[in-house]
Amino acid sequence: MAEMGSKGVTAGKIASNVQKKLTRAQEKVLQKLGKADETKDEQFEQCVQNFNKQLTEGTRLQKDLRTYLASVKAMHEASKKLNECLQEVYEPDWPGRDEANKIAENNDLLWVDYHQKLVDQALLTMDTYLGQFPDIKSRIAKRGRKLVDYDSARHHYESLQTAKKKDEAKIAKAEEELIKAQKVFEEMNVDLQEELPSLWNSRVGFYVNTFQSIAGLEENFHKEMSKLNQNLNDVLVSLEKQHGSNTFTVKAQPSDNAPAKGNKSPSPPDGSPAATPEIRVNHEPEPAGGATPGATLPKSPSQPAEASEVAGGTQPAAGAQEPGETAASEAASSSLPAVVVETFPATVNGTVEGGSGAGRLDLPPGFMFKVQAQHDYTATDTDELQLKAGDVVLVIPFQNPEEQDEGWLMGVKESDWNQHKELEKCRGVFPENFTERVP
């Protein structure tokens, strides 16, 4: 019998809950349709809006604080790896090794302590602060349900009172249910009316304490870390002084054509023709008997006449040598090849003086000379040309000469120029030492 009684109570409670849900749903529908009035409390609704805003801000702060802690942890690991690297490269016979190792240990302990204090004084406090929101949120929702029950009981009581045939027993029961629903609702409402404003005002002090803790911990951490860094610097300065004679300063050794565009310094593969300046040597022997007065140097095919004449005009006559130097000079001239200096057309204000491309309509304006890529070059910026070995580039002057960096040229690939004839789309800069001039 007890078991049956228990089942009966359980079944009755389930039926009661189902009936409450149906009644509430019906009441909400009538309120939305405007067929039943709804109890409003604007002051409480404002408190609920503040509560939701406070919960959103707190949740975001908790998330960002966890991200900050994860970053501190990652930075700790990176610092630890860096110190381990220092310990590995610091040779045993170098002075200050023990001090450097001790500094690394203190560095690691400082990171651990900083992370733990952030957890204790910020994250745990944040979790405690947010821990009160779920219960209050549940009570706000329950108050809303009790308010619907109160409105439903009030409407039921009013409908019985206005009915043509009044049933006093039903009216009395409805009144009793109304008083009960009102009492339950008002008890919850009063408690929340007191708690919500207090919770809203508490956010100021919580935010102040949280960020003060973070700021103070970070300030102390950086002070202690600064001391360790200064100690490490002193150890390294001492090492440098004692091994000053063995110091090797690494400096860039660019070639004459090394690019200087920004921080880029592309260089072709070692041993390539474009990596070293070109020196052309004429191996033809000098005429027997030595140089004759007024003789000129042989011309290179691309050498202008003016350059050849100047070279010839400055050639000293054999008879002008001192008597003791004549034999030595003749022996040297017969054993060493003559070096031919190759010159190129000069440019004035973007135009070629004596160049073959001046005035030609099938070449870009200001064309100076052609070069051919000896190696592939991958462009690393939008203003650079992408080159493949064998590409021919038509070199043109910079629009603003001040923008030209040492070792870089402006040009347009011959294939692009023949196809588009538009400089704005095709031109770009490229490293000179990846190319070689062609006739």
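**Aromatic and charged contacts in a predicted model**

Phenylalanine 51 and phenylalanine 133 are both buried. The questions below concern this predicted model.

Q: Is the aromatic pair of phenylalanine 51 and phenylalanine 133 stacked, edge-to-face or tilted?
A: The structure holds ten aromatic pairs. In the pair of phenylalanine 51 and phenylalanine 133, the ring centres are 5.3 Å apart and the planes meet at 35°. Stacked rings need planes under 30 degrees apart and edge-to-face rings over 60, so the pair counts as tilted.

Q: Which helices does the pair of phenylalanine 51 and phenylalanine 133 link?
A: The two residues are 82 residues apart, and the pair links distant parts of the chain. Ring pairs also join both residues with Tyr129, Phe206 and Tyr207 in a cluster. Phenylalanine 51 belongs to helix α2 (residues 42–89), and phenylalanine 133 to helix α4.

Q: Which side chain of opposite charge is nearest to arginine 143, and how far away is it?
A: Arginine 143 is part of helix α4 (residues 133–161). This arginine is buried yet has no salt bridge. A salt bridge requires nitrogen and oxygen within 4 Å, so the nearest side chain of opposite charge does not qualify: aspartate 41, at 4.2 Å.

Q: With which side chain does the side chain of arginine 143 make a polar contact?
A: Beyond four places in sequence, arginine 143 touches Asp41, Phe44, Phe185, Met188, Asn189 and Leu192. Arginine 143 also lies over the face of phenylalanine 44, 3.5 Å from the ring centre. The polar contact, at 2.7 Å, is with the side chain of asparagine 189.

Q: Over which ring does the charged end of arginine 437 sit?
A: The distance from the charged end of arginine 437 to the ring centre is 3.8 Å. The ring belongs to phenylalanine 369.

Q: Which residues are linked with Arg139 in a network of salt bridges?
A: Arginine 139 and glutamate 195 meet in a salt bridge at 2.7 Å, N to O. This pair links distant parts of the chain, with arginine 139 in helix α4 and glutamate 195 in helix α5 (residues 168–242), 56 residues apart. Arginine 139 is partly exposed at 21% relative accessible area, and glutamate 195 is partly exposed at 31%. The residues networked with Arg139 are Asp135 and Glu195.

Q: How many residues apart are arginine 154 and aspartate 151?
A: These two residues form a salt bridge, their closest N and O atoms being 2.9 Å apart. Arginine 154 is buried at 12% relative accessible area, and aspartate 151 is buried at 1%. Both lie in helix α4, where about one helical turn separates them: three residues.

Q: Which elements hold glutamate 414 and lysine 370?
A: The side chains of glutamate 414 and lysine 370 meet in a salt bridge of 3.0 Å, N to O. The pair ties together parts that are 44 residues apart in sequence, because glutamate 414 lies in helix α8 and lysine 370 in strand β5 (residues 369–373).

Q: Is aspartate 127 buried, partly exposed or exposed?
A: Aspartate 127, in helix α3 (residues 97–131), touches Gln62 and Arg66 beyond four places in sequence. Its relative accessible area is 26%. The buried class ends at 20% and the exposed class begins over 50%, so aspartate 127 is partly exposed.

Q: What is the phi of lysine 421?
A: Lysine 421 lies in the loop between α8 (414–420) and α9 (423–426). Most residues other than glycine have a negative phi. Lysine 421 has a positive phi, near 60°.

Methods. Residues are numbered from 1 along each chain as its sequence is written. This is a predicted model: local features need pLDDT of at least 70, side-chain atom pairs count only at pLDDT 80 or more; totals for chains, interfaces and linings use all residues. Side-chain values use heavy atoms; hydrogens and water are left out. Helices (H or I, at least four residues) and strands (E, at least two) are DSSP runs, numbered from the N terminus. Buried means under 20% relative accessible area, exposed over 50%, partly exposed in between (1.4 Å probe, protein chains only). Lys and Arg count as positive and Asp and Glu as negative; His and the chain ends are not counted. A polar contact is a pair of N or O atoms within 3.5 Å; within protein, one must be able to donate a hydrogen and the other to accept it, and residues adjacent in sequence count only if both atoms are side-chain atoms. Contact means heavy atoms within 4.5 Å. Rings of Phe, Tyr and Trp (its six-membered ring) pair if their centres lie within 6.5 Å; planes under 30 degrees apart count as stacked, over 60 as edge-to-face and the rest as tilted. A charge sits over a ring if NZ of Lys or CZ of Arg is within 6 Å of the ring centre and within 35 degrees of the ring normal.
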